[in-house]
Amino acid sequence: MKRYITKLILLAAICSGVALFASGCGQKKPASATKGLSDSDRTSMALASFVAPGEKDDYYLFYSGGHSGQVFVAGIPSMRHISTIPVFTPYPGTGYGYDEETKEMLGKFTWGDVHHPALSQTDSLQDGRWLFVNDTANNRVARIDLRDFKTRQILGPIPNASGTHASSFVTENTEYLFLATRFSTPLPRDRAADPKDYAKEFSGMITALKVDPETGEMSVAWQILMPPINFDLCSTGKGPSSGYAFFTSYNTEMAGDLLEVNASQLDRDMAAIVDWKAATAAVADGKAEMMNGVPVLDPLKVPGILHFIPVGKSPHGIDTDPTGKWIVGSGKLQPSTTVMDIEKIKKAIADKDFDGDFRGIPVLKYESVVDGEVPVGLGPLHTQFDGRGNAYTSLFIDSNITKWKLPPWTDEEKKDLTKVVLDKMPVHFSVGHLVIGGSDTKKPDTKWLVAMNKLSKGRHISVGPSQPESSQLIDISGDKMKMVAEAYTEPEPHFAQIIAVKDLNPIEVYPKDENKDPNAVWDASETSVTREGNTVTAKVIAVRSRFIPDRIDAKVGDELILHITNIEQTGDMIHGFAINDHDMNVVLDPGETKTIKIKLTKSGVYSFYCTNFCSALHQEMQGYLVVQPEGAQPLAKGN
Ligand code: K7E
Ligand code: CUA
């Protein structure tokens with residue numbers, strides 16, 4: 001509320017400014033001001049996204065970080081980047097990937113390719129517990145706990161899978177999380193075969209991960225062996241489509257080379273519809289065969305778990321509307337989206353209303369399941385929903401967003417589906433994904449849409465040849481979409497999730513009594529430096545503005561184990577712990593304990609110091625690691 005009052009005051013100030021300087025010298029516009037944007041346009045856009053200093057945003061925006069391997073957190077409507085959650089990539093800013101726990105989580109990888117974040121759901125509503133993100137490159141999935149915005153689990157590489165792009169998508173109660181392979185491979189994965197024999201030698205895989213309802217811990221549940229087509233996106237059912245998951249694919253041609261041409265021959269590609277409840281039951285009935293420790297179902301031997309639906313040429317996204325009735329597939333090489341009706345799909349399955357098969361899997365008759373092809377424009381990629389019967393499709397080639405009306409349509413509309421296209425909004429430039437909060441739940445938010453554009457093409461001050469991506473905030477609360485603001489992100493947001501600030505309640509301090517680390521110390525009297533053979537263990541306290549102890553003695557050849565506890569219980573009292581010359585920086589949040597291990601290889605005196613500016617005496621927050629040559633006596637007694 002307060003913000004709106006501030007906005008009114010600001011509006012009054014700007015309006016009076018406009019009145020006073022109507023001759024045009026009142027407002028400072030950027031040198032590159034867009035022609036055709038009136039002063040009142042500017043004012044209303046500015047106010048719509050304005051969050052005054054000290055005020056807060058209304059929504060969280062969790063962007064996938066693409067090949068940066070991270071997740072970015074921004075606020076809506078300000079679009080300000082607020083924090084980075086490191087996931088698949090070490091991040092010295094929060095000390096991620098330097099302590100033993102996060103190092104182990106990252107394993108041998110230094111990066112990931114994050115495409116699709118998914119918020120956990122209960123009863124098809126956002127429950128604010130976890131955010132899952134995939135790694136297309138290394139076939140992994142991570143879970144971020146929204147209690148503290150920290151990556152808590154990285155699962156994978158998932159066996160028998162490769163290029164898990166169609167991920168992460170959760171079922172309506174987060175029972176399962178699905179992944180499908182973009183890159184089919186010979187199986188088992190260590191077998192080499194000639195890509196010329198692609199259709200015969202290669203296989204795809206759909207994987208279901210089980211999510212523990214209490215802890216969110218993911219584990220591989222089962223897989224379905226798939227033909228070697230390139231799976232792209234996924235969405236899950238709810239309401240009438242409960243129990244189903246939908247996957248788009250390209251390369252029905254099963255080309256093993258020159259996909260640009262060879263995978264674009266046919267007019268339709270295959271979307272897979274998986275009955276995941278039936279698949280789970282089939283695994284329980286012992287119908288799966290173990291491959292690499294995972295129960296794998298062969299759909300040829302377990303009929304009913306898998307059907308194909310033809311969709312528009314080379315589809316990208318497939319999205320289920322909030323009612324669960326309409327499934328929208330976007331064929332990026334045709335100027336329309338395909339709207340399918342789940343009731344018709346279920347009837348076609350029951351009636352065996354098939355149009356032959358693809359590799360032995362029944363293909364539902366297109367005419368029997370499709371309600372219409374909506375002429376949205378060129379290059380449709382992804383669709384989101386506002387819960388008021390409208391759909392919003394991103395058009396990569398047209399570089400706009402098309403708003404259109406979901407069925408049911410009138411007879412007149414059915415005859416001419418251009419009539420259901422309600423609005424078009426140009427975006428800058430070439431939109432990929434777009435996101436509306438809760439679009440994949442039964443109750444989407446109706447206020448904002450964020451377009452994630454692939455090319456920023458000089459919309460920002462020049463930063464040299466390496467360019468960021470651009471995002472645009474669009475108000476969808478009225479009949480017509482309204483462009484409000486623009487922001488830039490590090491490469492490269494693919495998809496994002498939006499959740500209202502009121503629906504999350506993160507902690508800002510780890511309560512002392514929850515710290516179960518056996519090596520945590522909370523008082524100077526508990527700190528220690530001890531030697532056992534060649535292992536020197538120090539239990540260290542970090543507190544404004546010192547480390548206790550501030551001297552650690554060891555010698556070359558020792559392994560140094562540090563358990564550092566930040567004993568602060570005040571929000572934002574964060575300390576870092578860096579050691580000169582040792583490629584080491586951990587960051588300790590209030591109440592947190594981290595463990596680092598270093599093999600000491602060089603003698604000398606190395607300062608350790610706090611890297612987070614924590615107090616007026618932050619600069620004084622330092623100590624010494626004294627390393628004697630091998631065989632020498634350490635200087636300090638007891639070490
Ligand atoms: Cu960039 Cu979903 Cu990987 Cu579309 S994906 S744009
Ligand atoms: Cu602690 Cu700076």
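## Cysteines

A residue counts as buried when its relative accessible area is under 20%. In this predicted model, Cys234 has a relative accessibility of 2% and is therefore buried. Cys614, at 7% relative accessibility, is buried as well.

The structure holds zero disulfides. A disulfide is a covalent bond between the sulfur atoms of two cysteines.

## Glu100 and its contacts

Glu100 lies in helix α3, which covers residues 100-106. Its relative accessible area is 22%, so Glu100 is classed as partly exposed; the class of buried residues ends below 20%.

Leaving aside residues up to four places away in sequence, Glu100 touches Thr595, Ile596 and Lys597. With one of these residues there is a contact to the main chain: the Glu100 side chain reaches the backbone nitrogen of Lys597 at 3.5 Å. Glu253 is 153 residues from Glu100 along the chain, and the C-alpha atoms of the two residues are separated by 46 Å.

## Surroundings of ligand 1

The residues around ligand 1 include the histidines His115, His116, His165, His316, His382, His433 and His494. Leu233, Gly432 and Lys454 also belong to the surroundings of ligand 1.

By residue class, the shell around ligand 1 divides into eight polar residues, one nonpolar residue and one charged residue. Leucine counts as nonpolar and lysine as charged, while glycine is placed among the polar residues; the nonpolar member of the shell is therefore Leu233 and the charged member Lys454.

## Strand β27 and its partners

Strand β27 spans residues 400-405. Five of its six residues are buried, so β27 is largely enclosed by the rest of the structure.

Strand β26, residues 390-395, runs antiparallel to β27 and is joined to it by six bridges. Within this pairing, Asn390 of β26 stands opposite Lys405 in β27. The two strands form a hairpin with four residues between them. Ser399, in the turn of that hairpin, has a positive phi of about 55°.

β27 also pairs with strand β28, residues 421-426. These two strands are again antiparallel, and five bridges join them. Here Trp404 has Val421 in β28 as its bridge partner. β27 thus has antiparallel bridges both to β26 and to β28.

Conventions: Residues numbered from 1 in each chain as written. Chains lettered and ligands numbered in written order. Predicted model: local features only at pLDDT ≥ 70, side-chain atom pairs only at ≥ 80, totals over all residues. Heavy atoms only, no water. Buried < 20%, exposed > 50% of the residue type's maximum accessible area, 1.4 Å probe, protein only. Contact = heavy atoms within 4.5 Å. Polar contact = N/O pair within 3.5 Å; in protein donor to acceptor, adjacent residues only side chain to side chain. Near = heavy atom within 4 Å. Pairing = 2+ DSSP bridges. Disulfide = S-S within 2.5 Å.
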